[in-house]
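Here's a quick tour of a structure you may not have met before. Have a look at the picture, then read on.

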Amino acid sequence: MFSYILRRLLLMLPTLLGVTAVVFFVMALSPGGVGGSLLNELGTMEANQAKALRDYYNKRYHLDDPIVFQYARWLNQISPLGFEPLDDGTLGAFGFKPPHLGYSFSKGRPVTALYSEALPITLMLNLLAVPIIYTVAICSGILAARYHGKLFDVVTGIGFLALWSVPTIWAGVLLIGFLANKQYFHGFPAGGLSSTMADQMSFLPQWADQGFQRGWLLDRAWHLCLPIACMIYAGFAFLSKLTRGAVLENLSADFARTARAKGVSDRDVLLRHVFRNSLLPLITVAAGILPGLLVGSVIVESIFSIPGMGKLTIDAIYARDRELVLAGTLIGGLLSLFCILLADLAYAVADPRVSYD
Amino acid sequence: MTSASSTIADPPHAGRTSDGRKHRSYVGQVIARTVVRPGARLGLLWIGVIVFCAVFAPFLASSLPLAVKIDGQWSSPLLRHLTPADVIVLVAAPGAIILTLVPRLALGNRLLLWLAVIVVSIPLCFWLVRPPRLVVYDDYRQLAAAGRIESAYYAPIRFSPTDRLRDQPGMKNQPPSAVHLLGTEADGADVLSRMIHAARIALAVGFIATGIAIVIGVTIGGLMGYFSGIVDLVGMRIVEIFAAIPTFFLLLSFVAFFPRNLYIMMVIIGVTGWVGYARFTRAEFLKLRQQDFVQAAVACGLPLRSILFRQMLPNGVAPVLVEASFGVAAAILYEATLSFLGLGLVDEPSWGQMLSAATTASGGFNWWIALYPGLAIFLTVFAYNLVGEALRDAIDPHTNRNNG
């Protein structure tokens, strides 16, 4: 098992190299190239000022290097083993050094700081969405298997397929338009994660002199209602179908028949015997659906203007911010590769018949 | 040698049995089992409606009269203004229908003939069809108002998708009415007309992107499954790399960095989306390669492409069909999402781009612009998913055993 994990981890390196290289060269070879947006303001300046600024950018970000050198420099920068970058822009001795993701052109801040602000928000969205998806899907899946072929089964089957087909952009626009708009019903905020005064709120809701105070927690929950609603509905179909299939298969298995034969009630057979055995496929796919959810949260974040990873990456792409785009690709790729690996490992742990050795 | 190969290596999908009864191929059986399901029928019906709209879009919605009599002279401004792309679509669609009706022709030959028709018609149409550069939509409305038009026949929806109604400034942002059935956009364009023309982009992206993905995936997967061993090992690493690429992210960067181009979008969706087809084809071919008809074909010395595509593919293509149906839905969703984010085509109407115009900068919300284009995306995606689900049930041995 250990050698399998090691091999998979080593195989991630060429994959990540390939993905970042493709994204970097696409960006570098496109009209305007890397850092093109930095030069926009130069047009309005005096010639000598513009030249000084361009020289400064070139010195700081090495934009005048050939693009292959720029990519190699970035690789050297993020790898823990390589040439020490010195303050004057040259490279020092070869050896171990702290890896660094660089500085964003467009925001002027370290990329690590930007992503460490954005990543928790995206993870929070996903960690809230996944349990809701699982609860609804498992309950309806069990019921659909219990009433196999009956009305409930057919309705949830088609209904969830329909929900899966609803484009996130449409759901988002309709939710904002009808539930967060003064024209119809302004019950929810149209975007953002908290109100402007959220910093001064107490954490929990309370009664104060001015009447009811929402508090930070309730305010956050109120802002999250619509985005979370947008993220969850599409996930029901797949998981519910999976649960239904597993429960159906186990209901006709020998152990279920034996349990029924010795007089266990139908309810106990379903919930105690069959359900536990049907959980296996659900556990194993948990890690596998995360990459899809991350993509989904990119769209949700840009509709509801939530400052998460997806929005940061989209902004970076618009600004052609070399370090930010590459870091986003790297983090996104790492997350999805780890999820795929986790899914494979969970499969082996949950089912003793699967072995990778 | 050829006669021997056709008798010995006769694969299970081919032709007629010895008593002359029509022998249905495996794919034929799967399709027959699929279309009896009500879900698949509804889905196919809607896809048919969308295809009809896409092919005949200029005749369904146009500001120009189909036929008009001015000063005793009949003319057809609509036909004169057809673009080369319109004519190519109008040639390709009947071509497809005629070729499906021609009896006794192999499926591959039909496809090749159809592609040939399209390839020949593209330069011909661009050479022969020269519509006027400048289109002034108000002309005929003004002529009609001046009473100079004696008699005219119009398309059912009397507005072109790019007709901004410059002669009627009051018609901007209007909710649905008898004149504009689904309302107008902020610049005065008719929503229904734009939706009908946008069906073209949705279908083109769906079909071409999925087509590219299928060609790459089936070829790589087929080679992997047939040769197994080292080819399989290397191929699976490539598959793993492509499976790990965040498709949406790559698409976003390509579309954002390069000039807006529908074809680039199609190619990227296709090039990143072939992994599923390769996996399924590989699994099927691994099963098939040991079977007698394949062994016989190898023993007869048939060339590799014949073994792969003539003998094995028709028996292993069913899971690819399922995947393709979901793939078209996914490609349509990708295009809609990119257009929604402002990265799609600028001038051509697209459902996603229309949807993004529903909320205005001043905080207003035009429900008709949000509801109808979104509904069109949803119904089209739902239709493909229904067909895919029905196909999946049709090739699943479990459900078939339960049913009969």
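What follows covers the contact between the chains, one helix pair, a nonpolar core and two loop residues.

This is a predicted model, in which local features need pLDDT of at least 70, side-chain atom pairs count only at pLDDT 80 or more, and totals for chains, interfaces and linings use all residues. Residues are numbered from 1 along each chain as its sequence is written, while chains are lettered from A and ligands numbered from 1 in the order in which they are written.

Let's start where the chains meet. Chain B puts 36 residues into the contact and chain A puts in 36 residues; two residues are in contact if their C-beta atoms, placed from the backbone, lie within 7 Å. On the chain B side, α10 (229-244), α11 (247-257), α16 (318-340), α17 (351-356) and α18 (367-395) each supply at least two residues. Helices here are DSSP runs (H or I, at least four residues), strands are too (E, at least two), and both are numbered from the N terminus. The largest share of that side, 10 residues, comes from α18(B). By class, the side of chain B that touches chain A has 27 nonpolar, seven polar and two charged residues. Ala, Val, Leu, Ile, Met, Phe, Trp, Tyr, Cys and Pro count as nonpolar, Asp, Glu, Lys and Arg as charged, and the others, Gly among them, as polar.

Now for one helix pair. The axes of α1 (residues 2-29) of chain A and α11(B) come within 9 Å and cross at roughly 10°. Axes are lines fitted to C-alpha atoms, for helices over the stretch in contact, with angles from 0 to 180 degrees between N-to-C directions. The two helices, α1(A) and α11(B), are therefore roughly parallel to each other (angles under 35 degrees count as that). Val22(A), Val23(A), Val26(A) and Met27(A) meet Leu250(B), Ser253(B), Phe254(B) and Phe257(B) there. This contact has seven nonpolar, one polar and no charged residues.

Next, Ala199(B). Among its contacts are Ile50(B), Cys53(B), Ala54(B) and Ala57(B), not counting residues up to four places away in sequence.

Finally, two loop residues. Most residues other than glycine have a negative phi, yet these two have positive values. Both are exposed (12 or fewer other C-beta atoms within 10 Å, placed from the backbone).

| Residue | Phi | Loop between | Other C-beta atoms within 10 Å |
|---|---|---|---|
| Ser305(A) | near 40° | α10 (266-303) and α11 (309-319) of chain A | 12, exposed |
| Asp71(B) | near 55° | β1 (67-70) and β2 (73-75) of chain B | 7, exposed |

Notes
A residue is buried if 20 or more other C-beta atoms lie within 10 Å of its own, exposed if 12 or fewer, and partly exposed in between; C-beta atoms are placed from the backbone. Angles under 35 degrees count as roughly parallel, over 145 as roughly antiparallel, 65 to 115 as roughly perpendicular and the rest as oblique.
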